[in-house]
Number of protein chains: 2
Amino acid sequence: MVSAYTPPVQTLIDELGRLPGIGPKSAQRIAFHLLKLPSADVARLAHAINDAKDKVRFCERCFNVAEGALCPICADDRRDATVVCVVEESRDIVALERTGEFRGRYHVLLGAMNPLEGIGPEQLKIRELLTRIDAEGITEVILCTNPNTEGEVTAMYLARQLQPLGLTVTRIASGLPVGGDLEYADELTLGRALEGRRPVDDG
Amino acid sequence: MVSAYTPPVQTLIDELGRLPGIGPKSAQRIAFHLLKLPSADVARLAHAINDAKDKVRFCERCFNVAEGALCPICADDRRDATVVCVVEESRDIVALERTGEFRGRYHVLLGAMNPLEGIGPEQLKIRELLTRIDAEGITEVILCTNPNTEGEVTAMYLARQLQPLGLTVTRIASGLPVGGDLEYADELTLGRALEGRRPVDDG
């Protein structure tokens, strides 16, 4: 009786199963998909993995992904250095940049506080953020961590660290998604949307 | 404004997004996870991908994954050559082997018929199965394709090809999962379970 896969296949399944959001069944499915693909396609995937890891590092200033010492945003001197948007991950920067609404710089924490997984302030790029405040003459920090438990805890912690420094510290708004339907909103979102109500601007 | 990722990151996201069951959001998540991992871990994943693809091929007889010309099951002469279990993928063999109930050989179709995706009998290892019947003295074929539309269509097609050859052709049973709850079974499964009812063995 054969109770497991041949070793190279098992190793591949194990390695794929370590990726976030990939369970054992998905890992199997992806592994067999790769075995059926033309060799050139598989080599391209392996190369993309190695290449990204070789070429990409984190921006020395804000920890966004970068190919040089600074990321394209930090290297762009038309960006307003006095306003910094704090995010959990580089991918949040891409989302915020798509809005075209923000002309300042960013700071990537590379995660959010999560005591259950042993992620405290020391595991995040918080000390590096505090160092930037004086060095760059930052006057406003917008906390754009995710509106979930980890993101809120991180935002609260950062607010307590930053407010004594005399900065303007704001939190990105929570509320109903644009185009959403009040009837289908969950009660937490709806509660936040009410809490964050603003006077109607009839200008 | 930066509207996309730096090229090596975008290439990695694109390549990951081609994998089955990985959407654009998961591809982003995995890509940034890889960028944060130690280089050795990332190199191990890329190596596992290349290594599996280099070393693993398909068994010349049954199309199971194999490191040599024959897979471990075809190479084992204690297995009964007269009974063949037809499956869609190699991973189905691992599942069947775990039951310890089957001592025959297998035949992997490398997929199932799916006209919408252009997969007909010619795209599967069906001709190769028919060639095996005489060559190996096969007397019974158990159709173990999945109990979904594609698997059923494939099983019906195979049954029509195999029955004229005077073989015993059977289909693996559908029904309630062991330990399952009748109340929560969907009506299709329940219908199949009723259809497949068997006399109670009071031996």
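What rotation, and what shift along its axis, superposes chain A on chain B? In this predicted model, the operation is a rotation of 180° accompanied by a shift of 0.0 Å along the axis, and the superposition has an RMSD of 0.1 Å. The two copies are therefore related as by a two-fold rotation axis. Within chain A, the C-alpha nearest that axis belongs to A46(A), at a distance of 2.4 Å. The contact surface follows the same pattern: 100% of the contact residues of chain A recur in chain B, and the same surface thus serves both copies.

The interface itself may be described next. Chain A contributes 58 residues to the contact, and chain B contributes 58 residues. Between the two chains about 5200 Å² of area is buried, with carbon and sulfur atoms giving 70% of it. On the side of chain A, the residues that lose the most area to chain B are I49(A), K53(A) and R91(A), which together make up 13% of what that side buries. Charged pairs also span the contact: the rule finds four salt bridges across the interface of chain A and chain B. One pair that forms a salt bridge is R44(A) with E15(B), whose closest N and O atoms are 2.8 Å apart.

Attention can now turn to the pockets. Rolling a probe the size of a water molecule over the atoms shows where empty space is left. The largest pocket has a volume of about 640 Å³. Its lining comprises 22 residues, and those nearest the centre are D92(A), A95(A), N146(A), P147(A) and I172(A). Two elements give two or more residues to this lining, namely α5 (90–99) of chain A and α2 (24–36) of chain B. The largest share, seven residues, comes from α5(A). By residue class, the lining of the largest pocket divides into 11 nonpolar, six polar and five charged residues.

The second largest pocket holds about 530 Å³ of space. It is lined by 20 residues, of which E89(A), R91(A), G111(A), A112(A) and K36(B) lie nearest its centre. R91(A) thus appears both in this group and among the residues of chain A that lose the most area to chain B. Here too, α5 of chain A and α2 of chain B each supply at least two lining residues. For the second largest pocket, however, α2(B) gives the most, with four residues. The lining of this pocket divides into six nonpolar, six polar and eight charged residues.

Notes: Residues are numbered from 1 along each chain as its sequence is written. Chains are lettered from A and ligands numbered from 1 in the order in which they are written. This is a predicted model: local features need pLDDT of at least 70, side-chain atom pairs count only at pLDDT 80 or more; totals for chains, interfaces and linings use all residues. Side-chain values use heavy atoms; hydrogens and water are left out. On a 1 Å grid over the protein atoms alone, a cavity is a set of points where a 1.4 Å probe fits but cannot get out, and a pocket is an open set with protein on both sides within 12 Å along at least five of seven lines; lining residues have an atom within 4 Å of a point. Grid points are joined across faces, edges and corners, and a volume is the space filled by probe spheres set on the points. Ala, Val, Leu, Ile, Met, Phe, Trp, Tyr, Cys and Pro count as nonpolar, Asp, Glu, Lys and Arg as charged, and the others, Gly among them, as polar. Copies are superposed by least squares on the C-alpha atoms of residues with pLDDT of at least 70 in both. Contact means heavy atoms within 4.5 Å. Buried area is the accessible area (1.4 Å probe) that two parts lose on being put together, summed over both. A salt bridge is a side-chain nitrogen of Lys or Arg within 4 Å of a carboxyl oxygen of Asp or Glu.
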